[in-house]
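Visitor: I should like a close look at one part of this model, the contact between the two protein chains. Please describe that part in detail, and then turn to the DNA.

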There are 2 protein chains.
Amino acid sequence: MNPSTANIEEAILSAILAGRIPPGTRLGEQKLADLFGVSRTRVREAMMRLETRGIVQVSARRGWFVVEPSADEAREAFQTRRVIETGLLQTVREVPPPVLASLKEHVAIERQAIETGDVSSRACLLGDFHIHLADALGNRMLTEIIRDLTARTTLISMLYQPTEKAAESSHDHEDIVAAMEAGDLAAAARLMEEHIGKVEAGLDLSAKPDPLASLRELLTPSTFNDVAPSMPHAHGVAVPHAPHHPSKTED
Amino acid sequence: MNPSTANIEEAILSAILAGRIPPGTRLGEQKLADLFGVSRTRVREAMMRLETRGIVQVSARRGWFVVEPSADEAREAFQTRRVIETGLLQTVREVPPPVLASLKEHVAIERQAIETGDVSSRACLLGDFHIHLADALGNRMLTEIIRDLTARTTLISMLYQPTEKAAESSHDHEDIVAAMEAGDLAAAARLMEEHIGKVEAGLDLSAKPDPLASLRELLTPSTFNDVAPSMPHAHGVAVPHAPHHPSKTED
DNA sequence: CTTGACAGCCTTGTATACAAGGCTGCGAGC
DNA sequence: GCTCGCAGCCTTGTATACAAGGCTGTCAAG
């Protein structure tokens, strides 16, 4: 059957979140159209929606790229998540028992994935905790917002994370749920703020904004001034990663 | 010169927010294409983006409609705004003086518009206060989120607001800024929560979700059960408003 | 007079054709 | 040998053509 625009959008997004499509990857319209068995029109629609959601970016006549958030954008994304997620916890008066139960269950699944060493689903699960929280305590709008933000921070982690601290994150989640269970939402909010702060602090935001950063140090700025202005990119370097992996996606 | 997709998107959005296009209005692709002097393709792109942002909705083969949020969606939108805006105020440590100054100026403009009786720009300004706040205290992402949310609540107000309490809203804004100036961000957050709550409480959410509500009370539900199922609408009634105003937009 | 069905029109949905511009690789000139 | 320029290919950008389905207004039957 023909995948709808929403299907394509969702498929690409989940592939990105699962780490199967790294940030910076070029997404050719025709390739995707062939892959999904539809015309470019529908692929374009899906890409345009994902662009509105901040997941991909188009570079005129060059193609669609999975966003590579700059260090600034990374900070913005984390700040935004701090604001919204602590705001959510502080707005809530009490946590219904079923919600607590499902959150505990989620944390348990996290721990299991970490112990099992299931790296691929781990990042996904850690992000899912926050989405789950928004869904349980908030509403659909909030969930959508958090989902898109989490998607961005996941991409950021892929770009900048030098060390994976999955175990610590999961422990943080456990503490947050415990505070919620104790009825201390203010403490939960504080823990959430610390947690997101820790994740942000664990990144090396000076590392990979572009692969040229390390080169740039070796050269005089003037050398680049003759060359760089022709690059149309506003902030993120849209150079396709891994040209040596021409068939990383399933084909 | 040819308006780009972004131009069209922005033009339609601001027309909606200014109240020139009421909720429920049908937006025909061809009409808009002629109006902007482009082909349907670009209009479609713009509409698709606006749909992603929750401003318009497409009903299959019937057309695009400015959303008419249901009472549930209205509550969600206000809850979401409470969460985010109080979260923002509570996350902030201190307010830079220039920010305070510009907020005060904004409130002054609000009061002026209210005193002058400038109804058309009034709603716009009242919403702008919150956008301005997000922009000054937060970041671009937060501002975009707040802007889209404010757009939705503005539409909601158009649908459900029985009485305009612009003066009271502006007074609330003033109080919030005063609390910020006093350095009491917690109080500012509390005032913001009350303010948004008041705006929500000022609506009559049982009133206009659909024009049939008043009729429905007079008739037995079974009468409608034979007729209603053929309606494809999920929640909001997408009947075009005001068929007696065929040329409300400038044409 | 009321009601039901149907035809025509008008709308969006989708694909495709063509235009415009960037990238790559080759070749000529220095 | 190296560099610069250019041609061809490949990509997205845009318009247009056609398909599919909903809506309206008319006409006929009861």
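Guide: In this predicted model, twelve residue pairs are in polar contact across the interface of chain B and chain A, both partners having pLDDT 80 or more. On the chain B side, the elements that contribute two or more residues are α3 (40-52), α4 (71-91) and α7 (140-160). Of these, α4(B) gives the most, with twelve residues. Sorted by class, the side of chain B that touches chain A holds ten nonpolar, nine polar and eleven charged residues. Eight salt bridges are found across the interface. One of them joins B:R140 to A:E76, with the closest N and O atoms 3.4 Å apart.

As to extent, the contact takes 30 residues from chain B and 30 residues from chain A. The two chains bury about 2,700 Å² between them, and 56% of that area is on carbon and sulfur atoms.

The DNA may be considered next. DNA strand C is surrounded by 16 residues, the closest being A:S39, A:T41, A:R62, B:R40 and B:R44. Of the strand C atoms that come within 4 Å of the protein, 66% belong to sugar and phosphate. The side chain of A:S39 places an N or O atom 2.9 Å from a phosphate oxygen of strand C, and a polar backbone atom of B:E29 lies 3.0 Å from a phosphate oxygen of that strand. A base is also approached: an N or O atom in the side chain of B:R40 is 3.0 Å from a base nitrogen. At least two residues of the surface near strand C come from each of α3 (40-52) of chain A and β1 (26-27), α2 (29-36) and α3 of chain B. By class, this surface has two nonpolar, five polar and nine charged residues.

Terms used: Residues numbered from 1 in each chain as written. Chains lettered and ligands numbered in written order. Predicted model: local features only at pLDDT ≥ 70, side-chain atom pairs only at ≥ 80, totals over all residues. Heavy atoms only, no water. Contact = heavy atoms within 4.5 Å. Buried area = accessible area lost by both parts, 1.4 Å probe. Salt bridge = Lys/Arg side-chain N within 4 Å of Asp/Glu carboxyl O. Polar contact = N/O pair within 3.5 Å; in protein donor to acceptor, adjacent residues only side chain to side chain. Helix = DSSP H or I, 4+ residues; strand = E, 2+ residues; numbered from the N terminus. Nonpolar A, V, L, I, M, F, W, Y, C, P; charged D, E, K, R; others polar. Near = heavy atom within 4 Å.
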